[in-house]
Amino acid sequence: MALMQLNLTACSSSKSSKGSNLTATVGNNELQGKRWELLSLQGNPIPTTLSKAFIYFGKDGACNGNGSCNSFSGSYTVTGMKLKLGQMASTERLCHEMATEDSFYGLMPKIDSYKIKNGQLYLLQGEKIIAQFKEVATP
């Protein structure tokens, strides 16, 4: 199976008053160990005819998911409510409908924070909601 390298990076680095880089840690946060199913991108609902796009944030700083056609995996870090997605790799299957997945992958680098409210995950760029997910049972 071919892998495609996605360059998905979001969020700026933090610096201390001495100017040294701080390492963001994953820690224990409410993202972890949950499967989040994609509901909308930039306010546009995801068609119900597609395979369920989702993302899963592991406790080890690894994340993986599916963009509705292709599987992806990579890393993430969380500092407070700031979220940074590292480089991602993805399979390269060609599916009938690729627009949702292409949009999802294209928006990932813009994500710089998150919030969770009423069992829903919101990935944000500043105050703007980039993607909305609902928590679903992990298979």
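Trainee: What makes the pair of Glu 37 and Lys 134 a salt bridge?

Mentor: Keep in mind that this is a predicted model. The closest N and O atoms of Glu 37 and Lys 134 are 3.9 Å apart. The cut-off for a Lys or Arg nitrogen and an Asp or Glu carboxyl oxygen is within 4 Å, so the pair qualifies. The pair links distant parts of the chain, with Glu 37 in strand 2 and Lys 134 in strand 10 (residues 128–136), 97 residues apart.

Trainee: And what makes Glu 37 and Lys 52 a salt bridge?

Mentor: Here the closest N and O atoms are 3.9 Å apart, and since the limit is within 4 Å, the name fits. Glu 37 lies in strand 2 and Lys 52 in the loop between strand 3 (44–45) and strand 4, so this pair ties together parts that are 15 residues apart in sequence.

Trainee: Which residues are linked in a network of salt bridges?

Mentor: Glu 37, Lys 52 and Lys 134. A search of the whole structure finds two salt bridges.

Trainee: Why is Glu 37 called buried or exposed, whichever applies?

Mentor: Buried, because its relative accessibility is 11% and the cut-off for buried is under 20%. Leaving out residues up to four places away in sequence, Glu 37 touches Lys 52, Ala 53, Phe 54, Gln 132, Phe 133, Lys 134 and Val 136.

Trainee: What do Lys 52 and Lys 134 count as?

Mentor: Partly exposed. Lys 52 has 46% relative accessibility and Lys 134 has 32%. Partly exposed sits between the 20% and 50% limits, so that label holds for Lys 52 and for Lys 134.

Trainee: On to the cysteines. How do you know that a disulfide joins Cys 69 to Cys 95?

Mentor: Their sulfurs are 1.7 Å apart, and the rule asks for within 2.5 Å, so the pair counts as a disulfide. Cys 69 lies in the loop between strand 5 (62–66) and strand 6 (71–79), and Cys 95 in the loop between strand 7 (82–91) and helix 1 (99–107), so the link ties together parts that are 26 residues apart in sequence. A search of the whole structure finds one disulfide. With 70° about the S-S bond, the link of Cys 69 and Cys 95 is right-handed.

Trainee: Are these cysteines buried or partly exposed?

Mentor: Cys 69 is at 4%, under the 20% limit, so Cys 69 is buried. Cys 95, at 21%, counts as partly exposed, because 21% isn't under 20%. Cys 63 is at 1% and counts as buried.

Trainee: How do you know that strand 2 and strand 4 pair?

Mentor: Pairing takes at least two bridges, and strand 2 and strand 4 (residues 54–57) have four, in the antiparallel sense, so they pass. Lys 34 stands opposite Phe 57 in strand 4.

Trainee: What makes strand 4 and strand 5 a pair?

Mentor: Strand 4 and strand 5 have four bridges, also antiparallel, and at least two are needed, so they pair. Ile 55 has Gly 65 in strand 5 as its bridge partner. The hairpin of strand 4 and strand 5 has four residues between the strands, and Gly 61 takes a positive phi near 90° there.

Notes. Residues are numbered from 1 along each chain as its sequence is written. This is a predicted model: local features need pLDDT of at least 70, side-chain atom pairs count only at pLDDT 80 or more; totals for chains, interfaces and linings use all residues. Side-chain values use heavy atoms; hydrogens and water are left out. Buried means under 20% relative accessible area, exposed over 50%, partly exposed in between (1.4 Å probe, protein chains only). Contact means heavy atoms within 4.5 Å. Helices (H or I, at least four residues) and strands (E, at least two) are DSSP runs, numbered from the N terminus. A salt bridge is a side-chain nitrogen of Lys or Arg within 4 Å of a carboxyl oxygen of Asp or Glu.
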